[in-house]
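Subject: Structure for your review

Dear colleague,

Please find below the structure that I am handing over to you. My notes on what was found in it follow directly after.

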Amino acid sequence: MFSFKRQTVSETVFEVVNAMIMLLICFLMLYPIWYVIINAFNDGEDAMRGGIYWWPREFSLSSFHAVFRSEGIMTAMGITVAKTLIGVPVHVFFTAMVAYAFSRKELVGRKLYMLIGTITMFFGGGLIPYYLLIRDLHLLDNFLVYIIPAAFSFFDLIIFLSFFREIPAGLEEAAKIDGANDFKIFYKVILFVSLPVVATIALFHGVYQWNDYFTGMIYMNDQNLQPIQTYLYRVVAQSSSNQMLAAMPSGVSVSVTSQSLKLATMVVTTAPIVVVYPFLQKYFVKGFMIGSIKG
C-alpha cells in the first residue's frame, strides 16, 4: 500500500509562491546575459534602433567576424589563455605545497606563520608600495607579472589546509613504510586524494586569471602583453571600439557598429570560462576519500 502525505492549502500556496520567486530571481540574473547575447548576434545598425528583447531581429555574425579579424584582440586572447594555463597549475602546486607543510604538527612556528598570514588577508601596503615592489623585481612589462605574484594565496591555503586535515593519517604512514619521503607523499598521495579541492581552487584561480584586467592595466604598458579583459576594459571604458572599428581590414561589413563590437567582444571573452565550468563542477562534491582506507 502506498501512502501519500496530504498537503494543506497553506503549504501548497507557499510552494507555488516560493517557486515563482525563484523563477523571478533566475530571470533577473540570466536576462542581462541573454540581452547581451541576442544584441551581439543582431545586425549592428539594426540593433541601434532598439526594441530587441527576446531574439535577434536581423541575425548577423558581422560583429564576431570583426572581432576575430582584429589582430589586437587575438593577441590579447592568446596572452589570457597562456597566463591561465600557466598560472593555474603554478598557483595550485605552490599553495597546496605550503598548505601541506602547515598541516604538519611538527612544523616549528606554525601558529606564528598562521598569524602573519592571516594579517596579510586584511591589511596590505597599498597600490604604490606594491607597484614599487613589482618595479624592483623587474616585472613591469613582463609576462611573469601574471604568474609570480599570483603563485600563492593565503586564503586558498586555508581551504587546502581544511581539506588536508581530514585526510587519514594512515595514508601517510603507509607511504612512509613504503619508503616515500615527504615530497613524494605530497605529490603522489596528498594531491591525488585531494582532487576535489584541487579542482575547486583551480577553477577559482582560473576564473581570476581569466577575468583579471587590473594587472594588465597597471603593470603593462606594452599592449602586446595585455590580456583580453584589459583589452575589453579599453573598449568599454575608453570607447576605443571606434578606433578598433576604424582599424578593421577591408571587407568587414559596414553593419558593424561600436556598440555591437563591444557586445560581441564581451561574449567572446566570457564564453570560454562558462564552457569550462560544468566540467569541473563534478569535483566540488566531497567524498573522494570514502573507502580509500579502512581500519
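The structure holds one salt bridge. Its partners are D136 and R135, whose closest N and O atoms are 3.4 Å apart. R135 counts as partly exposed, at 43% relative accessibility.

Please bear in mind that this is a predicted model. The mean pLDDT of the protein is 77, and 82% of its residues reach 70 or more. Over residues 286-295, however, the pLDDT is below 50. Beyond near neighbours in sequence, that stretch has 14 contacts in the model. Where pLDDT is low, the predicted coordinates should not be read in detail.

Overall architecture

The secondary structure comes to 14 helices and zero strands. Read along the sequence, the pattern is therefore α-α-α-α-α-α-α-α-α-α-α-α-α-α, given that helices and strands are numbered as runs from the N terminus. Among the contacts with a separation of 6 or more, 71% are accounted for by residues 24 or more positions apart. Of the 295 residues in the protein, buried residues make up 38%. The protein exposes about 18,300 Å², and carbon and sulfur atoms supply 68% of that area.

Annotated regions

The UniProt record, an unreviewed entry, places the feature "transmembrane region" at residues 12-38, 73-100, 112-131, 143-164, 185-208 and 263-280. Two of these ranges may be described in the model. Over residues 73-100 the chain is 100% helix and 0% strand, and the end C-alpha atoms of that range are 40 Å apart. Over residues 143-164 the chain is 50% helix and 0% strand, with the end C-alpha atoms 32 Å apart.

The nonpolar surface patch

Which residues make the nonpolar surface patch of about 1,000 Å²? They are L112, Y113, L115, I116, I119, M121, F122, F123, F155 and I158. The elements that give two or more residues to this patch are α5 (110-122) and α7 (154-164). Helix α5 gives the most, with seven residues. One of the patch residues, F122, is found in helix α5. F122 counts as exposed because its relative accessible area is 62%, and exposed residues are those over 50%.

The loop between α6 and α7

Two residues in the loop between α6 and α7 deserve a mention for their backbone angles. H138 is found in this loop, which follows α6 (127-136). Phi of H138 is near 60°, a positive value in a residue other than glycine. D141 is found in the loop between α6 and α7 as well, and phi of D141 is near 55°, again a positive value in a residue other than glycine.

Are these two residues exposed or partly exposed? H138 is exposed, with a relative accessible area of 64%. D141, by contrast, is partly exposed, because its relative accessible area is 34%, which lies between the cut-offs of 20% and 50%.

To summarise, the predicted model has 14 helices and zero strands, one salt bridge, and a nonpolar surface patch of about 1,000 Å² to which helix α5 gives the most residues.

With kind regards

Key
Residues numbered from 1 in each chain as written. Predicted model: local features only at pLDDT ≥ 70, side-chain atom pairs only at ≥ 80, totals over all residues. Heavy atoms only, no water. Patch = residues over 30% accessible without salt bridge, like charges linked within 9 Å, V, L, I, M, F, W, Y side chains within 5 Å. Areas by Shrake-Rupley, 256 points an atom, 1.4 Å probe, with all protein chains shown as cover. Salt bridge = Lys/Arg side-chain N within 4 Å of Asp/Glu carboxyl O. Helix = DSSP H or I, 4+ residues; strand = E, 2+ residues; numbered from the N terminus. Buried < 20%, exposed > 50% of the residue type's maximum accessible area, 1.4 Å probe, protein only. UniProt positions renumbered as here; feature names shortened; annotations may be inferred. pLDDT = per-residue confidence, 0-100. Contact = heavy atoms within 4.5 Å.
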